[in-house]
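Good morning, and thank you for coming. Please look at the sequence and the structure as they appear on the screen.

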Amino acid sequence: MTNEEMARGYLTRAQRIIWEAEGHYAQQAWNLVVRRSQEAVELALKGALRFVGLEVPRVHDVGIFLKRHRDRLRGRLAEEIDQVAAISRRLRGEREVSFYGDEETGTPPEELYVHQDADQALRDARFVLSLCEELVRSAPGDV
């Protein structure tokens with residue numbers, strides 16, 4: 001399997017996870033929207049790394065790796081890399097809490113997140129995915 005094929009697979013999975021997040025949104029499961037949005041951002045960005053021939057690090061926030069290799073990126077992803085890295089970092093910080101809750105206070109995740117949190121996370125995930133899809137579309141064939 002080529003890097004391009006792997007990248008396309010990552011982006012397909014990221015899109016499916018966004019669809020799942022949209023289902024959670026309809027059910028007002030705000031914490032799960034945040035969690036799935038983080039997963040979609042992670043996969044999309046790892047797809048972008050694969051696409052440009054970089055090894056995918058085994059961490060949840062790959063924004064810094066993209067910034068370090070911004071010279072390998074192009075298009076809007078390269079232009080928006082600082083914002084994309086900030087989104088990745090912010091959502092990474094929500095990964096465990098949005099799924100398990102706040103163990104220090106004993107607060108379940110359903111009580112920690114509100115509509116606005118889900119809106120922002122989903123909007124960010126769609127934005128990042130669109131940038132990564134645009135990068136991959138610059139090669140023959142579409143995602």
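I shall begin with the chain as a whole, then turn to its core, and close with some individual residues.

Please keep in mind throughout that this is a predicted model. The secondary structure of the chain consists of eight helices and zero strands. Reading along the sequence, we therefore meet the pattern α-α-α-α-α-α-α-α.

How does the radius of gyration of the chain compare with that of a compact globule? For 143 residues, a compact globule would have a radius of gyration near 15 Å, and the chain has 15 Å, so the two agree. Along the principal axes, the C-alpha trace spans about 45 × 30 × 25 Å. The chain has an accessible surface of about 7,500 Å², and carbon and sulfur atoms contribute 47% of that area. Of the 143 residues, 45% count as buried.

Contacts across the sequence also deserve a word. Among contacts in the chain with a separation of 6 or more, 69% join residues that are 24 or more positions apart.

Let us now consider the interior. In soluble globular proteins, nonpolar side chains tend to be buried together. In this model, the largest nonpolar core has 40 residues, and the members that touch the most others are Leu45, Leu77, Val128 and Cys132. Helices α1 (3-26), α2 (30-51), α5 (81-94) and α8 (115-137) each provide at least two residues of this core. The greatest contribution is that of α2, which gives eleven residues.

Leucine 77 merits a closer look. If we set aside its neighbours within four places in sequence, leucine 77 is in contact with Ala48, Val84, Leu131, Cys132 and Leu135.

Is aspartate 124 buried or exposed? This residue is found in helix α8. Aspartate 124 has a relative accessible area of 7%, and because the limit for buried is under 20%, it counts as buried. Apart from neighbours within four places in sequence, aspartate 124 is in contact with Val41, Ile87 and Arg90.

I turn next to the aromatic rings. How many aromatic pairs does a search of the whole structure find? The search finds two. One of them joins tyrosine 25 and tryptophan 30, with 5.2 Å centre to centre and 70° between the planes, an edge-to-face arrangement. Tyrosine 25 counts as partly exposed, at 23% relative accessibility, whereas tryptophan 30 counts as buried, at 14%. Phenylalanine 99 and tyrosine 100 form an edge-to-face pair as well, with 5.1 Å centre to centre and 85° between the planes. Here phenylalanine 99 is partly exposed, with a relative accessible area of 35%, and tyrosine 100 is exposed, at 52%.

Phenylalanine 99 has a further partner: arginine 35 lies over the face of its ring, at 4.4 Å from the ring centre. There is also the charged end of arginine 68, which sits over the ring of phenylalanine 65, 5.6 Å from its centre.

Finally, I would draw your attention to one backbone angle. Most residues other than glycine have a negative phi. Glutamine 28, although not a glycine, has a positive phi of about 60°. Where does glutamine 28 lie? Its place is in the loop between α1 and α2. At 57% relative accessibility, glutamine 28 counts as exposed.

Definitions and conventions: Residues are numbered from 1 along each chain as its sequence is written. This is a predicted model: local features need pLDDT of at least 70, side-chain atom pairs count only at pLDDT 80 or more; totals for chains, interfaces and linings use all residues. Side-chain values use heavy atoms; hydrogens and water are left out. Rings of Phe, Tyr and Trp (its six-membered ring) pair if their centres lie within 6.5 Å; planes under 30 degrees apart count as stacked, over 60 as edge-to-face and the rest as tilted. Buried means under 20% relative accessible area, exposed over 50%, partly exposed in between (1.4 Å probe, protein chains only). A charge sits over a ring if NZ of Lys or CZ of Arg is within 6 Å of the ring centre and within 35 degrees of the ring normal. A nonpolar core is a set of buried Ala, Val, Leu, Ile, Met, Phe, Trp, Tyr and Cys residues joined through side-chain atoms within 4.5 Å. Helices (H or I, at least four residues) and strands (E, at least two) are DSSP runs, numbered from the N terminus. Contact means heavy atoms within 4.5 Å. The radius of gyration is taken over C-alpha atoms; the globule rule is 2.2 Å times the number of residues to the power 0.38. Accessible areas come from the Shrake-Rupley method with a 1.4 Å probe; for residues, only the protein chains shown count as cover.
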